[in-house]
Amino acid sequence: SQAFFRPIHNTAPPSQTNRHAKITVVGAGNVGMAIAQTVLTQDLVDEIALVDPMADKLRGEMLDLQHAAAFLPRTTILSSSSDYAVTSGSDLIVVTAGARQNPGESRLNLLQRNVALFRSIIPELAKHSPDAILMVVSNPVDILTYVAWKISGFPPNRVIGSGTNLDTSRFRFLLADHLEVNAQDVQAYVVGEHGDSSVALWSSISVGGVPILSFLERQQIPYEEEMLENIHKTVVEGAYEVINLKGYTSWAIGYSVASLARTLLRDQRRIHPVSVLARGFYGIEGGDVFLSLPAQLGHGGVVGVTNVHLTDEEMQKLRASAETLLELQSQLGI
Ligand SMILES: NC(=O)c1ccc[n+]([C@@H]2O[C@H](COP(=O)([O-])OP(=O)(O)OC[C@H]3O[C@@H](n4cnc5c(N)ncnc54)[C@H](O)[C@@H]3O)[C@@H](O)[C@H]2O)c1
Ligand SMILES: O=C1N[C@](c2ccsc2)(c2cccc(Nc3ccc(F)cc3)n2)CC(O)=C1Sc1ccccc1Cl
């Protein structure tokens with residue numbers, strides 16, 4: 001580039017304090033590449049590193065993203081390798097690596113295969129980026145976040161799971177659609193265990209600052225208890241519908257993880273439902289377990305967990321999930 005540009009007089013070296021924000025995505029599959037593409041499009045970092053053992057797929061995905069450079073506002077470095085050295089100095093590491101559930105395979109067996117995979121990748125990631133925030137997306141996400149925390153040795157504020165962030169975004173979309181408002185004006189949380197056993201927090205839903213139950217009364221929108229329950233059921237059914245129709249999910253999880261990455265890397269201190277070390281909250285005392293709670297996120301990871309109001313029933317569901325996860329964890333020998 002010296003042939004094209006000549007330096008002006010008395011230039012100073014670039015400031016050493018300018019932060020080179022780097023994200024690593026582990027697993028260049030459907031989810032990993034949706035996350036990488038969304039992070040790239042939203043111009044969130046200076047470098048994206050991709051890791052995957054499938055060398056051809058990995059290089060192909062990296063090149064395919066690099067070829068989009070002319071359409072992007074800023075130059076983002078894209079690097080990739082099956083050697084974890086490429087991840088060095090990451091600020092945020094997103095783990096989407098995982099074995100796929102074989103037809104008829106039990107969740108415990110899938111879990112054991114993914115735990116074995118984590119035993120090989122988490123130490124490498126921690127070695128090359130000892131100060132990074134570790135975010136797990138691989139399923140079963142709450143248990144694998146616990147496994148990543150135990151194996152990495154990172155403090156619990158720097159280990160989170162995407163948890164019910166996706167569940168919550170689907171929940172807000174459905175509520176907004178039903179109420180004919182913008183999803184960004186719907187304050188609603190799904191918490192607890194990600195997936196089939198998640199818990200929708202009815203009592204704290206508000207639309208434009210108005211608690212939903214009085215919003216519905218004010219708008220004269222007739223509702224029964226089960227209308228709200230049906231919306232939560234549709235969150236779960238929606239996941240299965242997407243899988244049955246396209247075989248995997250990618251875009252929504254890509255956007256939801258990019259939203260978490262923005263909050264973390266820009267120290268926005270926004271509140272997201274993510275899987276955090278829940279011991280000590282809401283009467284969860286039986287052991288170290290990760291469950292999704294509304295958590296404030298920033299540069300250091302989990303800044304704090306909000307003390308959201310839970311009904312007795314919601315509290316009971318959370319504690320039941322904690323017991324289930326603790327029982328599964330006890331069989332892992334970690
Ligand atoms: N938490 C959520 O809300 C949510 C949503 C969707 C998907 N998921 C989970 O995300 C995971 C990935 O889903 P997917 O559709 O991308 O699967 P996929 O099979 O398309 O991708 C998984 C990738 O992991 C790679 N991989 C395997 N072993 C690896 C290793 N040792 N190091 C690095 N990469 C490795 C594979 O080569 C593959 O490319 C699954 O566990 C899925 O259940 C979670
Ligand atoms: O949108 C998804 N797609 C997945 C998927 C993506 C590729 S293959 C399966 C999905 C879809 C449906 C069920 C299901 N169950 C599951 C549970 C534990 C596991 F270890 C793996 C998969 N997983 C993975 C996943 O977690 C989601 S979100 C999701 C799932 C079930 C209920 C509610 C929600 Cl919000």
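In the classification used here, Ala, Val, Leu, Ile, Met, Phe, Trp, Tyr, Cys and Pro count as nonpolar, Asp, Glu, Lys and Arg as charged, and the others, Gly among them, as polar. The exercises below concern a predicted model.

**Exercise 1.** Determine how the residues of the shell around ligand 2 divide by class, and state which residues come nearest.

*Solution.* Step one is the class division: the shell comprises seven nonpolar, five polar and five charged residues. Step two is proximity: of the 17 residues around ligand 2, the nearest are Leu 110, Asn 139, Arg 170, His 194 and Thr 249. Under the classification, Arg counts as charged and Leu as nonpolar.

**Exercise 2.** Identify side chains that place a polar atom by an oxygen atom of ligand 2, then state what share of the ligand's area the protein buries.

*Solution.* The cut-off for a polar contact is a pair of N or O atoms within 3.5 Å. An N or O atom in the side chain of Asn 139 is 2.6 Å from an oxygen atom of ligand 2. For His 194, the separation between a polar side-chain atom and a ligand oxygen is likewise 2.6 Å. Arg 170 offers a polar side-chain atom at 3.0 Å from an oxygen atom of ligand 2. Ligand 2 exposes 660 Å² when taken alone, of which the protein buries 85%. The elements giving two or more residues to this shell are α3, α5 (165–179) and α7 (225–246); α7 supplies the largest share, four residues.

**Exercise 3.** Carry out the corresponding analysis for ligand 1.

*Solution.* Ligand 1 is surrounded by 24 residues, the closest being Asn 30, Val 31, Asp 52, Arg 100 and Asn 139. By class, this shell holds twelve nonpolar, ten polar and two charged residues. Turning to polar atoms, the side chain of Asn 30 has an N or O atom 3.0 Å from an oxygen atom of ligand 1. In the case of Tyr 84, a side-chain N or O atom is 3.1 Å from a nitrogen atom of the ligand. His 194 has a polar side-chain atom 3.4 Å from an oxygen atom of ligand 1. Of the 870 Å² that ligand 1 exposes when taken alone, the protein buries 83%. Two or more residues of the shell come from each of α1 (30–41) and α3 (107–128).

**Exercise 4.** Describe the cover and pairing of strand β12.

*Solution.* Buried means under 20% relative accessible area. In β12 (residues 270–277), six of the eight residues are buried. This strand runs antiparallel to β13 (residues 290–298), to which eight bridges join it. Within that pairing, Ile 271 has Gln 296 of β13 as its bridge partner.

Key:
Residues numbered from 1 in each chain as written. Chains lettered and ligands numbered in written order. Predicted model: local features only at pLDDT ≥ 70, side-chain atom pairs only at ≥ 80, totals over all residues. Heavy atoms only, no water. Near = heavy atom within 4 Å. Polar contact = N/O pair within 3.5 Å; in protein donor to acceptor, adjacent residues only side chain to side chain. Areas by Shrake-Rupley, 256 points an atom, 1.4 Å probe, with all protein chains shown as cover. Buried < 20%, exposed > 50% of the residue type's maximum accessible area, 1.4 Å probe, protein only. Pairing = 2+ DSSP bridges.
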